[in-house]
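The following paragraphs lead the reader through one protein model. Please keep the sequence and the coordinates at hand while reading.

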Amino acid sequence: MAKTRFLAIILFLIGALAGYFDAAPFLAPESFLARFPFRLGLDLSGGAQLVYQADVSLLAASEIKESMEGLRDVIERRVNHLGVAEPIVQVEKHGEERRLIVELAGISDVNQAIKMIGATPYLEFRVERPAAERDAILEKQKTDNSLSEDPYFIPSILTGRYLKRAALDFNQTTFEPVVNLEFNSEGENIFSNLTRENIGKRLAIYIDGTPLSAPTVREEIIGGRAQISGKFTPEQAKTLVKDLNAGALPIPIKLISQQNIGASLGSDALARGIRAGLYGAMAIAVFLILWYRIPGLVAILALLIYISLVLALFKLIPVTLTAAGIAGFILSMGVAVDANILIFERFKEETRSGKNIAFALEDGFKRGWTSIRDSNISSFITAMILYWFSTSLVRGFALTLGLGILVSLFSALIITKIFIFALGVRQVNRISSFLFGAGFRNIS
């Protein structure tokens with residue numbers, strides 16, 4: 001009994017600490033714990049929305065979908081690397097146009113958002129133009145001052161679409177900085193062909209029509225990995241790596257719309273959501289106390305600890321809360337209450353069979369476990385499927401629901417059990433008969 005009560009005190013303290021951690025930004029704004037605020041999504045905190053138009057005119061119809069998905073992945077990586085909370089990056093078909101919608105929560109300055117994402121560079125590799133063509137173009141440009149045509153290099157089919165990543169490294173012998181390139185499986189073959197056909201020539205890298213580098217091909221490069229070496233300073237090599245990664249876009253895009261999204265609608269939704277949650281929690285608490293009395297009161301305490309723990313997890317992971325995410329959390333509260341009710345109903349059945357309170361509670365938890373396990377596993381699987389196969393908003397809902405389900409299991413089977421056994425009530429008398437009864441009946 002002493003051990004059970006000690007565990008109950010520990011759990012209570014953990015719940016209290018988690019609750020203080022959750023409320024620290026409001027109770028003690030200057031404290032260390034206040035440095036862990038809740039992260040709010042675009043719909044709750046406001047932000048910026050950018051709309052890009054993708055140029056798919058040079059692509060075959062069969063390649064458009066894959067290219068747009070690649071474009072979305074590149075922009076998502078770029079935004080995630082910048083630490084923006086739960087960005088929404090999605091592809092949209094508008095008539096015959098293909099668009100990319102980027103929504104960034106917490107970004108109040110849309111120009112800053114554009115700067116954070118970066119320009120919309122288009123990376124391409126160009127092969128060296130034959131000397132005769134080069135001279136002819138240069139001669140022509142002397143007379144008509146036409147500078148539109150590049151006299152030195154010809155665009156190839158190798159673009160940023162095929163570049164997986166660039167990274168800074170150092171030569172192990174000379175310790176000079178070098179730039180490593182890695183191409184995807186498609187780019188591996190294209191790059192191999194290009195290097196085989198241009199041994200001894202330069203292979204220029206252009207971004208938005210501006211040359212970045214023009215290394216000389218020494219041999220055919222297979223395997224999709226290459227290295228650019230030269231008399232780089234570390235800063236020059238870093239800049240080149242940054243430009244290469246920034247330009248690894250599958251297709252050219254152009255910014256056609258930008259706007260700030262205010263948080264007023266989100267604030268209203270958040271306030272309504274919190275109000276609805278409080279009313280719902282109060283209704284549940286009244287029902288549990290009136291219907292299950294002492295077990296109901298214990299369930300409420302366990303539910304409060306459950307809420308504190310889940311919110312603390314949201315801050316620590318961290319989880320970006322959107323209106324959909326809050327809905328998932330509130331739904332998981334219902335799951336947690338369901339688990340307690342299942343246990344209490346099994347407890348009622350055991351007491352009707354003549355068992356004392358302690359044995360009836362023990363069997364109630366054992367019999368309730370199978371139902372709780374099956375329902376929670378099915379709900380958790382659903383949450384996982386939603387998380388893996390859906391878009392950002394639904395993923396937020398699935399994530400909060402899944403976390404809530406896991407913590408609800410701990411709450412119902414550990415916290416509630418320890419608290420109720422810590423009361424130490426075993427025998428049935430007039431008082432315990434009423435306090436542990438349910439509905440309109442006492443324990444007989």
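**A walk through the predicted model**

Ser 408 counts as buried, because its relative accessibility is 1% and the cut-off for burial is under 20% relative accessible area. This residue belongs to helix α12. If neighbours within four places in sequence are set aside, the contacts of Ser 408 are Tyr 306, Ser 332, Val 335, Ala 336 and Asn 376.

Before the description continues, the reliability of the coordinates deserves a remark. The model is predicted, and the protein has an average pLDDT of 80, with 86% of the residues scoring at least 70. Confidence is highest in helix α9 (residues 294-316), where the mean is 90, and lowest in helix α4 (residues 110-117), where the mean is 67. Where pLDDT is low, the predicted coordinates should not be read in detail.

Tyr 306, one of the contacts of Ser 408, leads on to the hydrophobic interior. Together with Ile 420, Tyr 306 has the most contacts inside the largest nonpolar core, a set of 45 residues. At least two residues of this core come from each of the helices α1 (2-27), α8 (264-292), α9, α10 (323-352), α11 (357-389) and α12 (392-422). The greatest contribution is that of α9, with 12 residues. What does Ile 420 touch, not counting residues up to four places away in sequence? Its partners are Pro 295, Val 298, Phe 344, Leu 361, Phe 365 and Phe 436. A second core, separate from this one, comprises 23 residues, among them Val 127, Leu 203, Ile 228 and Ala 237.

Helix α1 merits a closer look. Its buried residues include Ala 8, Leu 11, Gly 15, Ala 18, Phe 21, Asp 22 and Ala 24. At Phe 21 the helix bends by about 35°, and a proline, Pro 25, follows within four residues. Phe 36 lies beyond this helix, in the loop between α1 and β1 (39-40). Is Phe 36 buried or partly exposed? With a relative accessible area of 31%, Phe 36 is partly exposed, because that class lies between the limits of 20% and 50%. Outside the residues up to four places away in sequence, Phe 36 touches Phe 21, Pro 25 and Lys 315. The loop residue thus meets both the site of the bend and the proline that follows. Phe 36 and Ala 24 are 12 residues apart along the chain, and their C-alpha atoms are separated by 8.4 Å.

The strands form a further part of the picture. Four of them make an open sheet in the order β3-β4-β2-β12, with antiparallel pairing. Its edges are β3 (88-94) and β12 (253-261), each of which pairs on one side only. From one strand to the next, the twist averages 20°. Strands of a sheet pair through backbone hydrogen bonds, either parallel or antiparallel.

Within this sheet, strand β2 (residues 47-54) joins strand β4 (residues 97-105) over 8 bridges in the antiparallel sense. Gln 53 has Arg 99 of β4 as its bridge partner. Strand β4 also pairs with β3, again antiparallel, over 7 bridges, and here Val 89 is matched with Val 102 of β4 as bridge partner. Strands β3 and β4 form a hairpin with 2 residues between them, in which Gly 95 adopts a positive phi near 65°.

Conventions: Residues numbered from 1 in each chain as written. Predicted model: local features only at pLDDT ≥ 70, side-chain atom pairs only at ≥ 80, totals over all residues. Heavy atoms only, no water. pLDDT = per-residue confidence, 0-100. Core = buried A, V, L, I, M, F, W, Y, C linked by side-chain atoms within 4.5 Å. Buried < 20%, exposed > 50% of the residue type's maximum accessible area, 1.4 Å probe, protein only. Contact = heavy atoms within 4.5 Å. Pairing = 2+ DSSP bridges. Axes fitted to C-alpha atoms, helices over the stretch in contact; angles between N-to-C directions. Bend = angle between axes of the 7 residues up to and from the residue.
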